[in-house]
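Please open the model in your viewer and keep the sequence panel beside it, since the tour moves from one selection to the next.

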Amino acid sequence: MHIGFAGNDAPSWVFPTAIATKGPAAGGGGTGSGRPAVANKPSYLTGGAGASSNLAGKRGTEDLDFFIGDEALSAGAGPGYGVHYPIRHGQIENWDHMERFWSNSIFKYLRVEPEDHYFLLTEPVSLLRSQLLLNLTRPTASKSPGKS
């Protein structure tokens with residue numbers, strides 16, 4: 001995942017789209033039957049005002065029962081956590097994990113109030129699509145009739 005702020009020349013942070021949750025990793029990578037319990041879920045996900053209205057009180061990333069990015073890979077290498085990849089082949093397969101991943105990214109790395117900012121989610125340009133566009137815009141050389 002690449003995240004940063006508009007106007008910057010490059011992303012501020014780059015880390016793997018991995019999430020480590022308590023328990024073993026799921027083999028299927030589907031959405032499962034429900035969302036695992038989160039101790040300090042940000043209030044914008046639940047619609048409530050929460051116990052505290054300031055950013056520090058809402059962030060609470062230290063108490064969460066999951067890790068993202070490089071920390072997820074490290075936690076998954078030890079006992080007690082399983083690593084999940086919510087995006088497979090360019091499509092989100094586990095929306096619960098992806099929502100938790102985005103939430104933690106916003107609070108931990110960007111350190112902003114989501115209610116006060118707009119977000120743009122994009123996908124990388126696929127190699128096949130860029131080659132197709134290149135071939136469509138490239139002029140083709142043709143032989144003139146009668147010349148060999």
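Which residue in β5 is the bridge partner of I19? Select I19 and then H84: H84 is the partner in β5. Before going further, note that this is a predicted model, in which local features need pLDDT of at least 70 and side-chain atom pairs count only at pLDDT 80 or more, while totals for chains, interfaces and linings use all residues. Residues are numbered from 1 along each chain as its sequence is written, and side-chain values use heavy atoms, with hydrogens and water left out.

Now colour the whole protein chain by secondary structure, where helices (H or I, at least four residues) and strands (E, at least two) are DSSP runs numbered from the N terminus. The chain has five helices and seven strands, and from the N terminus their order reads β-β-β-α-α-β-α-β-β-β-α-α.

Next, select strand β3, residues 19-22, together with strand β5, residues 81-84; the two run antiparallel and are joined by four bridges, pairing being assigned if DSSP finds at least two bridges between two strands. Besides the pair already visited, K22 stands opposite Y81 in β5.

Add strand β4, residues 66-68, which pairs with β3 in the antiparallel sense over three bridges; here the residue to pick is T21, whose bridge partner in β4 is F66. With these selections displayed together, you have an open sheet of three strands in the order β4-β3-β5, with antiparallel pairing. Its edge strands are β4 and β5, each of which pairs on one side only. Neighbouring strands of this sheet are turned by 20° against each other on average, direction ignored.

Continue with the helices that meet this sheet. Helix α3, residues 70-77, lies across β3, β4 and β5 and runs at about 130° to β4. Helix α4, residues 95-110, also lies across β3, β4 and β5, running at about 70° to β4. Such angles run from 0 to 180 degrees between N-to-C directions, with axes taken as lines fitted to C-alpha atoms, for helices over the stretch in contact, and contact means heavy atoms within 4.5 Å.

Finally, return to the full chain and switch on a surface. Of its 148 residues, 29% count as buried, that is, under 20% relative accessible area with a 1.4 Å probe, protein chains only. Among contacts between residues at least 6 apart in sequence, 73% join residues at least 24 apart.

Definitions and conventions. Buried means under 20% relative accessible area, exposed over 50%, partly exposed in between (1.4 Å probe, protein chains only).
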